[in-house]
Amino acid sequence: MLVSITTFKKHVSGVQGALTESTIASHLKASERDFRAMIGGPLYDFLEQVAVGSTDDEKDLLDLAEAVISWKAYD
């Protein structure tokens with residue numbers, strides 16, 4: 001999974017920081033599944049591999065992907 005509860009809270013904490021992992025886990029899973037279907041498996045797999053040694057652009061892309069997944073899960 002690209003988005004953990006910690007990452008989720010990073011993106012939506014201003015709106016709802018009190019959500020627990022058990023409350024949001026199923027929504028995150030569904031959101032990631034939908035996101036993967038929209039962008040395709042190869043790009044999703046690439047995003048999972050973005051690590052500390054990645055470029056700033058790759059890290060920005062991962063951050064944007066995490067935000068999309070988080071907000072869709074919240075919605």
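What span should the 19 residues of helix α2 (residues 21-39) have at 1.5 Å a residue, and how far apart are its end C-alpha atoms? The expected span, defined as 1.5 Å times one less than the number of residues, is 27 Å for α2, and the end C-alpha atoms are 25 Å apart, which agrees. This is a predicted model, in which local features need pLDDT of at least 70 and side-chain atom pairs count only at pLDDT 80 or more, while totals for chains, interfaces and linings use all residues. Residues are numbered from 1 along each chain as its sequence is written, and side-chain values use heavy atoms, with hydrogens and water left out.

Helices here are DSSP runs of H or I with at least four residues, numbered from the N terminus. Within α2, the buried residues (under 20% relative accessible area, with a 1.4 Å probe and protein chains only) include Ile24, Leu28, Ser31, Glu32 and Phe35. Just after α2, Gly40 takes a positive phi of about 95°.

Helix α4 also has 19 residues, and its first and last C-alpha atoms lie 27 Å apart, close to the 27 Å expected at 1.5 Å a residue. Leu62, Ala65, Glu66, Ala67, Ile69, Ser70 and Ala73 are buried in α4.

A search of the whole structure finds one aromatic pair (ring centres within 6.5 Å, using the six-membered ring of Trp). Trp71 and Tyr74 form this pair, at 5.7 Å centre to centre and with 80° between the planes, which makes it edge-to-face (planes over 60 degrees apart). Because they are three residues apart in helix α4 (residues 56-74), Trp71 and Tyr74 are separated by about one helical turn. Both are partly exposed (between 20% and 50%), with relative accessible areas of 37% for Trp71 and 34% for Tyr74.

Key:
Helix = DSSP H or I, 4+ residues; strand = E, 2+ residues; numbered from the N terminus. Phe/Tyr/Trp six-rings, centres within 6.5 Å; stacked < 30°, edge-to-face > 60°.
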